[in-house]
Amino acid sequence: MNNRTKFGLLGKDISYSFSRKYFSEKFEKLGLDNLKYLNFDIPEIEEFPFLLYHKEHEYKGINVTIPYKQSVMRYLDEIDEDAKEIGAVNTINITNENKLIGYNTDVYGFQNSIKPLLKEHHKKALILGTGGASKAIAFGLKKLGIEYKFVSRRLSDNVFLYSALNEQILEEYTVIINCSPVGTYPNIEDAPNIPFEFISDKHLLFDLIYNPSETKFLRLGKNNGATIKNGLEMLELQAEKSWEIWNANKKE
Ligand SMILES: NC(=O)c1ccc[n+]([C@@H]2O[C@H](COP(=O)([O-])OP(=O)(O)OC[C@H]3O[C@@H](n4cnc5c(N)ncnc54)[C@H](OP(=O)(O)O)[C@@H]3O)[C@@H](O)[C@H]2O)c1
(Lines give C-alpha, C1' and ligand atoms only; values in the text may rest on other atoms or scores of the structure.)
Protein backbone atom coordinates (compact mmCIF):
# COMPACT_ATOMS: atom_id res chain seq x y z
CA MET A 1 0.00 0.00 0.00
CA ASN A 2 3.13 2.14 -0.15
CA ASN A 3 2.92 5.24 2.03
CA ARG A 4 -0.84 5.54 1.86
CA THR A 5 -2.27 5.06 5.30
CA LYS A 6 -5.85 6.28 5.19
CA PHE A 7 -9.18 4.65 4.44
CA GLY A 8 -12.72 5.85 4.86
CA LEU A 9 -16.44 5.39 4.52
CA LEU A 10 -18.35 7.81 2.30
CA GLY A 11 -22.00 8.25 3.21
CA LYS A 12 -24.61 10.43 4.91
CA ASP A 13 -25.57 10.27 8.60
CA ILE A 14 -23.12 7.42 9.21
CA SER A 15 -22.01 8.08 12.76
CA TYR A 16 -23.06 4.45 13.62
CA SER A 17 -20.68 3.10 10.88
CA PHE A 18 -20.08 -0.65 10.93
CA SER A 19 -17.07 -0.17 8.62
CA ARG A 20 -15.10 2.23 10.81
CA LYS A 21 -15.39 -0.05 13.83
CA TYR A 22 -14.64 -3.16 11.76
CA PHE A 23 -11.52 -1.77 10.09
CA SER A 24 -10.20 0.05 13.16
CA GLU A 25 -10.36 -3.25 15.09
CA LYS A 26 -8.80 -5.11 12.16
CA PHE A 27 -5.85 -2.67 11.94
CA GLU A 28 -5.31 -3.01 15.69
CA LYS A 29 -5.42 -6.84 15.51
CA LEU A 30 -2.91 -6.86 12.65
CA GLY A 31 -0.65 -4.37 14.46
CA LEU A 32 -1.05 -1.86 11.62
CA ASP A 33 -1.00 1.14 13.95
CA ASN A 34 -0.14 3.57 11.15
CA LEU A 35 -3.42 2.92 9.29
CA LYS A 36 -6.55 4.98 9.91
CA TYR A 37 -10.20 4.52 8.95
CA LEU A 38 -12.38 7.64 8.97
CA ASN A 39 -15.99 8.54 8.20
CA PHE A 40 -16.65 10.96 5.32
CA ASP A 41 -20.10 12.09 6.33
CA ILE A 42 -21.13 14.56 3.63
CA PRO A 43 -24.57 16.11 2.97
CA GLU A 44 -24.18 16.17 -0.86
CA ILE A 45 -22.12 13.98 -3.22
CA GLU A 46 -20.80 17.16 -4.92
CA GLU A 47 -18.45 17.53 -1.91
CA PHE A 48 -16.72 14.22 -2.67
CA PRO A 49 -13.95 15.54 -5.03
CA PHE A 50 -12.83 18.05 -2.38
CA LEU A 51 -11.93 15.22 0.02
CA LEU A 52 -9.17 14.16 -2.41
CA TYR A 53 -8.32 17.67 -3.58
CA HIS A 54 -4.74 17.68 -2.27
CA LYS A 55 -2.46 15.59 -4.50
CA GLU A 56 -0.49 14.49 -1.43
CA HIS A 57 -3.50 13.05 0.32
CA GLU A 58 -2.86 9.64 1.84
CA TYR A 59 -6.08 7.83 0.95
CA LYS A 60 -5.79 4.31 -0.43
CA GLY A 61 -9.34 3.05 -0.23
CA ILE A 62 -12.90 4.20 0.31
CA ASN A 63 -16.09 2.30 1.06
CA VAL A 64 -19.34 3.85 -0.12
CA THR A 65 -22.72 3.50 1.54
CA ILE A 66 -26.27 4.91 1.38
CA PRO A 67 -27.11 7.20 -0.42
CA TYR A 68 -24.04 7.54 -2.66
CA LYS A 69 -23.44 4.07 -4.19
CA GLN A 70 -24.84 5.23 -7.52
CA SER A 71 -24.08 8.96 -7.57
CA VAL A 72 -20.37 8.45 -6.75
CA MET A 73 -19.87 6.60 -10.06
CA ARG A 74 -19.61 9.80 -12.09
CA TYR A 75 -16.44 10.83 -10.17
CA LEU A 76 -14.53 7.61 -10.89
CA ASP A 77 -11.86 7.06 -13.59
CA GLU A 78 -12.68 3.39 -14.11
CA ILE A 79 -15.45 1.04 -13.02
CA ASP A 80 -15.13 -2.72 -12.82
CA GLU A 81 -17.44 -4.58 -15.27
CA ASP A 82 -19.62 -6.20 -12.58
CA ALA A 83 -20.12 -2.90 -10.74
CA LYS A 84 -21.05 -1.25 -14.04
CA GLU A 85 -23.67 -3.92 -14.73
CA ILE A 86 -25.05 -3.70 -11.18
CA GLY A 87 -25.07 0.10 -11.40
CA ALA A 88 -23.56 0.64 -7.94
CA VAL A 89 -20.10 1.02 -6.40
CA ASN A 90 -19.35 0.34 -2.72
CA THR A 91 -15.54 0.17 -2.87
CA ILE A 92 -13.04 2.58 -4.42
CA ASN A 93 -9.36 1.80 -4.89
CA ILE A 94 -7.02 4.79 -5.28
CA THR A 95 -3.87 4.14 -7.30
CA ASN A 96 -0.55 5.91 -6.86
CA GLU A 97 -1.44 8.03 -9.87
CA ASN A 98 -4.57 9.09 -7.99
CA LYS A 99 -6.86 7.15 -10.30
CA LEU A 100 -10.15 6.18 -8.70
CA ILE A 101 -11.36 2.68 -9.58
CA GLY A 102 -14.80 1.49 -8.48
CA TYR A 103 -15.91 -2.02 -7.49
CA ASN A 104 -18.98 -3.66 -5.99
CA THR A 105 -18.12 -6.07 -3.17
CA ASP A 106 -21.72 -6.34 -1.82
CA VAL A 107 -22.36 -8.94 -4.48
CA TYR A 108 -19.34 -11.01 -3.36
CA GLY A 109 -20.54 -10.76 0.26
CA PHE A 110 -24.06 -11.82 -0.62
CA GLN A 111 -23.11 -14.73 -2.88
CA ASN A 112 -20.66 -16.22 -0.42
CA SER A 113 -23.00 -15.77 2.53
CA ILE A 114 -26.02 -17.45 0.92
CA LYS A 115 -24.22 -20.14 -1.10
CA PRO A 116 -23.67 -22.66 1.74
CA LEU A 117 -27.41 -22.62 2.51
CA LEU A 118 -28.68 -23.27 -1.00
CA LYS A 119 -30.35 -26.61 -1.71
CA GLU A 120 -31.31 -28.30 -4.97
CA HIS A 121 -34.94 -27.07 -4.76
CA HIS A 122 -33.93 -23.41 -4.29
CA LYS A 123 -34.40 -22.42 -7.93
CA LYS A 124 -36.41 -19.19 -7.70
CA ALA A 125 -36.12 -16.17 -5.43
CA LEU A 126 -38.24 -13.19 -4.41
CA ILE A 127 -36.33 -9.96 -3.78
CA LEU A 128 -38.27 -7.67 -1.43
CA GLY A 129 -37.61 -4.02 -2.36
CA THR A 130 -36.24 -2.39 -5.49
CA GLY A 131 -33.58 -0.04 -4.06
CA GLY A 132 -29.79 0.04 -4.48
CA ALA A 133 -29.00 -3.16 -2.59
CA SER A 134 -31.60 -5.17 -4.50
CA LYS A 135 -29.62 -4.64 -7.73
CA ALA A 136 -26.48 -6.30 -6.35
CA ILE A 137 -28.60 -9.15 -4.96
CA ALA A 138 -30.28 -9.69 -8.35
CA PHE A 139 -26.85 -9.78 -10.03
CA GLY A 140 -25.57 -12.27 -7.43
CA LEU A 141 -28.61 -14.54 -7.87
CA LYS A 142 -28.14 -14.51 -11.64
CA LYS A 143 -24.52 -15.61 -11.16
CA LEU A 144 -25.72 -18.39 -8.84
CA GLY A 145 -28.19 -19.57 -11.50
CA ILE A 146 -31.28 -18.63 -9.48
CA GLU A 147 -34.24 -16.99 -11.22
CA TYR A 148 -35.70 -14.00 -9.38
CA LYS A 149 -38.57 -11.60 -9.27
CA PHE A 150 -38.80 -8.32 -7.34
CA VAL A 151 -41.59 -7.56 -4.88
CA SER A 152 -42.47 -3.89 -4.62
CA ARG A 153 -45.03 -1.46 -3.26
CA ARG A 154 -45.34 -0.09 -6.80
CA LEU A 155 -46.21 -2.06 -9.93
CA SER A 156 -43.71 -2.20 -12.79
CA ASP A 157 -42.10 -4.78 -15.12
CA ASN A 158 -40.95 -8.10 -13.62
CA VAL A 159 -42.41 -7.14 -10.24
CA PHE A 160 -45.04 -8.64 -7.92
CA LEU A 161 -47.02 -6.36 -5.67
CA TYR A 162 -46.98 -7.53 -2.03
CA SER A 163 -50.76 -7.99 -2.29
CA ALA A 164 -50.29 -10.47 -5.18
CA LEU A 165 -48.24 -12.95 -3.14
CA ASN A 166 -50.20 -16.16 -2.53
CA GLU A 167 -49.71 -19.84 -1.71
CA GLN A 168 -48.86 -20.82 -5.29
CA ILE A 169 -46.19 -18.11 -5.68
CA LEU A 170 -44.59 -18.96 -2.34
CA GLU A 171 -44.51 -22.65 -3.23
CA GLU A 172 -42.60 -21.78 -6.39
CA TYR A 173 -40.27 -19.13 -4.95
CA THR A 174 -38.55 -20.80 -2.02
CA VAL A 175 -35.81 -18.20 -1.48
CA ILE A 176 -36.92 -14.82 -0.09
CA ILE A 177 -34.47 -11.99 0.41
CA ASN A 178 -35.42 -8.87 2.33
CA CYS A 179 -33.73 -5.90 0.63
CA SER A 180 -36.06 -3.35 2.24
CA PRO A 181 -35.22 -1.54 5.49
CA VAL A 182 -38.45 -2.83 7.10
CA GLY A 183 -37.71 -4.32 10.52
CA THR A 184 -34.48 -2.40 11.18
CA TYR A 185 -33.85 -1.19 14.75
CA PRO A 186 -35.71 0.62 16.34
CA ASN A 187 -38.75 -0.52 14.28
CA ILE A 188 -38.22 -4.14 15.24
CA GLU A 189 -41.90 -5.07 15.32
CA ASP A 190 -42.28 -4.33 11.59
CA ALA A 191 -41.98 -7.04 8.95
CA PRO A 192 -42.39 -7.06 5.17
CA ASN A 193 -46.00 -7.66 4.22
CA ILE A 194 -45.78 -11.21 2.91
CA PRO A 195 -48.18 -14.11 3.76
CA PHE A 196 -45.99 -15.90 6.33
CA GLU A 197 -48.59 -18.68 6.69
CA PHE A 198 -47.28 -20.15 3.40
CA ILE A 199 -43.64 -20.27 4.56
CA SER A 200 -42.42 -23.82 5.23
CA ASP A 201 -39.24 -25.78 5.90
CA LYS A 202 -38.57 -25.64 2.15
CA HIS A 203 -37.90 -21.89 2.41
CA LEU A 204 -34.69 -19.97 2.86
CA LEU A 205 -35.19 -16.45 4.26
CA PHE A 206 -32.24 -14.07 4.00
CA ASP A 207 -32.38 -10.58 5.52
CA LEU A 208 -29.86 -7.90 4.56
CA ILE A 209 -30.58 -6.26 7.93
CA TYR A 210 -28.22 -7.24 10.78
CA ASN A 211 -29.61 -5.06 13.57
CA PRO A 212 -31.53 -6.67 15.20
CA SER A 213 -29.74 -9.95 14.52
CA GLU A 214 -33.09 -11.71 14.23
CA THR A 215 -35.68 -9.50 12.55
CA LYS A 216 -39.39 -10.24 12.77
CA PHE A 217 -39.15 -11.41 9.11
CA LEU A 218 -36.58 -14.04 10.11
CA ARG A 219 -38.37 -14.95 13.35
CA LEU A 220 -41.71 -15.61 11.61
CA GLY A 221 -39.90 -17.68 8.97
CA LYS A 222 -38.03 -19.69 11.60
CA ASN A 223 -41.28 -20.39 13.45
CA ASN A 224 -42.54 -22.13 10.29
CA GLY A 225 -39.37 -24.19 9.91
CA ALA A 226 -37.55 -22.04 7.32
CA THR A 227 -33.77 -21.72 7.19
CA ILE A 228 -32.78 -18.13 8.06
CA LYS A 229 -29.75 -15.87 7.80
CA ASN A 230 -29.16 -12.21 8.60
CA GLY A 231 -26.92 -9.68 6.82
CA LEU A 232 -23.94 -9.59 9.21
CA GLU A 233 -21.77 -12.13 7.42
CA MET A 234 -22.53 -10.45 4.07
CA LEU A 235 -21.34 -7.14 5.56
CA GLU A 236 -18.16 -8.72 6.93
CA LEU A 237 -17.41 -10.52 3.67
CA GLN A 238 -17.85 -7.35 1.59
CA ALA A 239 -15.45 -5.54 3.94
CA GLU A 240 -12.86 -8.33 3.60
CA LYS A 241 -13.20 -8.23 -0.19
CA SER A 242 -12.57 -4.45 -0.13
CA TRP A 243 -9.46 -5.06 1.95
CA GLU A 244 -8.28 -7.66 -0.57
CA ILE A 245 -8.78 -5.20 -3.45
CA TRP A 246 -6.82 -2.45 -1.67
CA ASN A 247 -3.97 -4.86 -0.94
CA ALA A 248 -3.93 -6.49 -4.40
CA ASN A 249 -3.33 -3.06 -5.87
CA LYS A 250 -0.55 -1.99 -3.51
CA LYS A 251 2.18 -2.24 -6.15
CA GLU A 252 0.42 0.20 -8.53
N1 LIG B 1 -25.83 -6.63 5.01
C2 LIG B 1 -25.27 -5.91 4.09
O3 LIG B 1 -24.09 -6.10 3.75
C4 LIG B 1 -26.05 -4.81 3.43
C5 LIG B 1 -25.56 -4.20 2.26
C6 LIG B 1 -26.35 -3.21 1.65
C7 LIG B 1 -27.57 -2.86 2.22
N8 LIG B 1 -28.00 -3.45 3.36
C9 LIG B 1 -29.32 -3.12 3.96
O10 LIG B 1 -30.32 -3.43 2.98
C11 LIG B 1 -31.44 -2.57 3.11
C12 LIG B 1 -31.76 -1.92 1.78
O13 LIG B 1 -30.72 -1.08 1.36
P14 LIG B 1 -30.89 -0.12 0.08
O15 LIG B 1 -29.63 0.63 -0.06
O16 LIG B 1 -31.39 -0.88 -1.10
O17 LIG B 1 -32.05 0.85 0.59
P18 LIG B 1 -33.01 1.75 -0.27
O19 LIG B 1 -32.34 2.18 -1.53
O20 LIG B 1 -33.54 2.72 0.68
O21 LIG B 1 -34.15 0.73 -0.82
C22 LIG B 1 -34.89 -0.07 -0.09
C23 LIG B 1 -36.13 -0.51 -0.90
O24 LIG B 1 -36.99 -1.05 0.05
C25 LIG B 1 -38.33 -0.71 -0.23
N26 LIG B 1 -38.87 0.00 0.93
C27 LIG B 1 -38.41 1.16 1.50
N28 LIG B 1 -39.19 1.52 2.53
C29 LIG B 1 -40.18 0.58 2.62
C30 LIG B 1 -41.30 0.41 3.47
N31 LIG B 1 -41.58 1.26 4.47
N32 LIG B 1 -42.09 -0.67 3.26
C33 LIG B 1 -41.83 -1.56 2.27
N34 LIG B 1 -40.79 -1.42 1.43
C35 LIG B 1 -39.96 -0.38 1.61
C36 LIG B 1 -38.35 0.17 -1.45
O37 LIG B 1 -38.71 -0.63 -2.59
P38 LIG B 1 -40.17 -0.44 -3.27
O39 LIG B 1 -40.39 1.03 -3.36
O40 LIG B 1 -40.01 -1.09 -4.60
O41 LIG B 1 -41.17 -1.11 -2.40
C42 LIG B 1 -36.90 0.63 -1.54
O43 LIG B 1 -36.50 0.85 -2.86
C44 LIG B 1 -31.06 -1.58 4.21
O45 LIG B 1 -31.61 -2.03 5.44
C46 LIG B 1 -29.54 -1.65 4.26
O47 LIG B 1 -29.03 -1.29 5.53
C48 LIG B 1 -27.26 -4.42 3.98
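Biologist: Taking two residues to be in contact if their C-beta atoms, placed from the backbone, lie within 7 Å, what does Val89 touch, leaving aside its neighbours within four places in sequence?

Modeller: Val89 is in contact with Val64, Lys69, Val72, Met73, Leu76, Ile79, Ala83, Gly102, Tyr103 and Asn104. This is a predicted model, in which local features need pLDDT of at least 70 and side-chain atom pairs count only at pLDDT 80 or more, while totals for chains, interfaces and linings use all residues. Residues are numbered from 1 along each chain as its sequence is written.

Biologist: And where does Val89 lie, and is it buried or exposed?

Modeller: Val89 lies in the loop between helix H3 (81–86) and strand S5, helices (H or I, at least four residues) and strands (E, at least two) being DSSP runs numbered from the N terminus. Val89 counts as buried because it has 29 C-beta neighbours inside 10 Å, the cut-offs being 20 or more for buried, 12 or fewer for exposed, and partly exposed in between.

Biologist: How far is Val89 from Lys29?

Modeller: The two are 60 residues apart in sequence, and in space they are 28 Å apart, C-alpha to C-alpha.

Biologist: You mentioned S5; which strand does it run antiparallel to?

Modeller: S5 (residues 91–94) is joined by three bridges to strand S3 (residues 59–64), running antiparallel, where two strands pair if DSSP finds at least two bridges between them. Within this pair, Asn63 stands opposite Thr91 in S5.

Biologist: What order do the strands take in that sheet, and which ones stand at the edges?

Modeller: The sheet is open and has six strands, ordered S2-S1-S3-S5-S6-S4 with mixed pairing. Strand S2 (36–41) and strand S4 (78–79) stand at the edges with a single partner strand each, so each has one side without a neighbour in the sheet.

Biologist: Switching to S10, what does it pair with in the parallel sense?

Modeller: Strand S7 (residues 124–128) pairs with S10 over four parallel bridges, and Ile127 has Ile177 of S10 as its bridge partner. Another four bridges join S10 to strand S11 (residues 204–207), again parallel, with Val175 standing opposite Leu204 in S11.

Biologist: Which way do the S10 residues point?

Modeller: From S10 (residues 175–178), Val175 and Ile177 point one way and Ile176 and Asn178 the other way, and all of them are buried. In a regular strand, side chains alternate between the two faces of the sheet.

Biologist: Last topic, the ligand: how many residues surround it?

Modeller: There are 24 residues around the ligand, the closest being Gly129, Gly131, Ser152, Ser180 and Gly231, counted if the C-beta atom, placed from the backbone, lies within 6 Å of it. Helix H4 (106–114), helix H5 (132–143) and helix H8 (232–248) are the elements that give two or more residues to this shell.
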